[in-house]
Amino acid sequence: QIKSLWVAESHRKSGLAATLKSAGEAWAKSRHLKEMVTSVHFTNKRMLDINLRNGFVPGFVQMTKPLS
């Protein structure tokens, strides 16, 4: 399980995130895994778009409420 993955601001819009996603998918397929699951903050439009272009489909929505 990869818990967190991000690209430094200086390397964004370079295709690196898509390359990392593709490498992860290739790794998972080589191990005969059946699916990949990813989470992204709903305001992160760039990553949402990358995921959609790479075949991910929206699923569960997690919502939080601070109890302060």
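**Note on a predicted model: salt bridges, surface and backbone**

1. Arginine 12 is a partly exposed residue, its relative accessible area being 36%, and it makes a convenient starting point for a reading of this structure, which is a predicted model. The side chain of arginine 12 meets that of glutamate 9 in a salt bridge, with 2.7 Å from N to O. Glutamate 9, for its part, counts as exposed, because its relative accessibility is 54% and the exposed class begins over 50%.

2. How many salt bridges does the structure hold? There are three, and the one between arginine 12 and glutamate 9 has just been described. Another joins glutamate 25 to lysine 29, where the closest N and O atoms are 3.1 Å apart. Both of these residues belong to helix α1, and they are separated by four residues, which is about one turn of the helix. Glutamate 25 is partly exposed at 26% relative accessibility, whereas lysine 29 is exposed, with a relative accessible area of 55%.

3. In helix α2, which covers residues 45–53, aspartate 49 and lysine 45 are likewise placed four residues apart, or about one turn of the helix. They form a salt bridge in which the closest N and O atoms are 3.1 Å apart. Aspartate 49 has a relative accessible area of 26% and is therefore partly exposed, while lysine 45, at 56%, is exposed.

4. Is asparagine 51 buried or exposed? Asparagine 51, which is found in helix α2, counts as buried, because its relative accessibility is 5% and the buried class covers values under 20%. When residues up to four places away in sequence are left out of the count, asparagine 51 touches Lys21, Thr38, Val40 and Phe56.

5. Two of the residues that asparagine 51 touches, Lys21 and Phe56, also have an arrangement of their own to be noted. The charged end of lysine 21 sits over the ring of phenylalanine 56, at 4.9 Å from the centre of that ring. As for pairs between aromatic rings, the count comes to zero, so a reader should not look for one under the rule applied here, which asks for ring centres within 6.5 Å.

6. On the surface, a nonpolar patch is formed by Ile2, Leu5, Leu16 and Leu20, which together have about 370 Å² of accessible area. One of its members, isoleucine 2, is located in the segment before α1, the helix that spans residues 16–30. Isoleucine 2 counts as exposed because its relative accessibility is 68%.

7. The backbone deserves a careful look at two positions, for which a general remark is useful: most residues other than glycine have a negative phi. Lysine 13, although not a glycine, has a positive phi of about 65 degrees. Its place is in the segment before α1, and with a relative accessible area of 75% lysine 13 is exposed. Histidine 32, again a residue other than glycine, has a positive phi near 60 degrees. Where does histidine 32 lie? Histidine 32 is in the loop between α1 and α2, and its relative accessible area of 67% makes it exposed.

Conventions. Residues are numbered from 1 along each chain as its sequence is written. This is a predicted model: local features need pLDDT of at least 70, side-chain atom pairs count only at pLDDT 80 or more; totals for chains, interfaces and linings use all residues. Side-chain values use heavy atoms; hydrogens and water are left out. Patches are made of residues with over 30% relative accessible area and no salt bridge: like charges are joined within 9 Å, nonpolar side chains (Val, Leu, Ile, Met, Phe, Trp, Tyr) within 5 Å. Accessible areas come from the Shrake-Rupley method with a 1.4 Å probe; for residues, only the protein chains shown count as cover. A salt bridge is a side-chain nitrogen of Lys or Arg within 4 Å of a carboxyl oxygen of Asp or Glu. Helices (H or I, at least four residues) and strands (E, at least two) are DSSP runs, numbered from the N terminus. Buried means under 20% relative accessible area, exposed over 50%, partly exposed in between (1.4 Å probe, protein chains only). Rings of Phe, Tyr and Trp (its six-membered ring) pair if their centres lie within 6.5 Å; planes under 30 degrees apart count as stacked, over 60 as edge-to-face and the rest as tilted. A charge sits over a ring if NZ of Lys or CZ of Arg is within 6 Å of the ring centre and within 35 degrees of the ring normal. Contact means heavy atoms within 4.5 Å.
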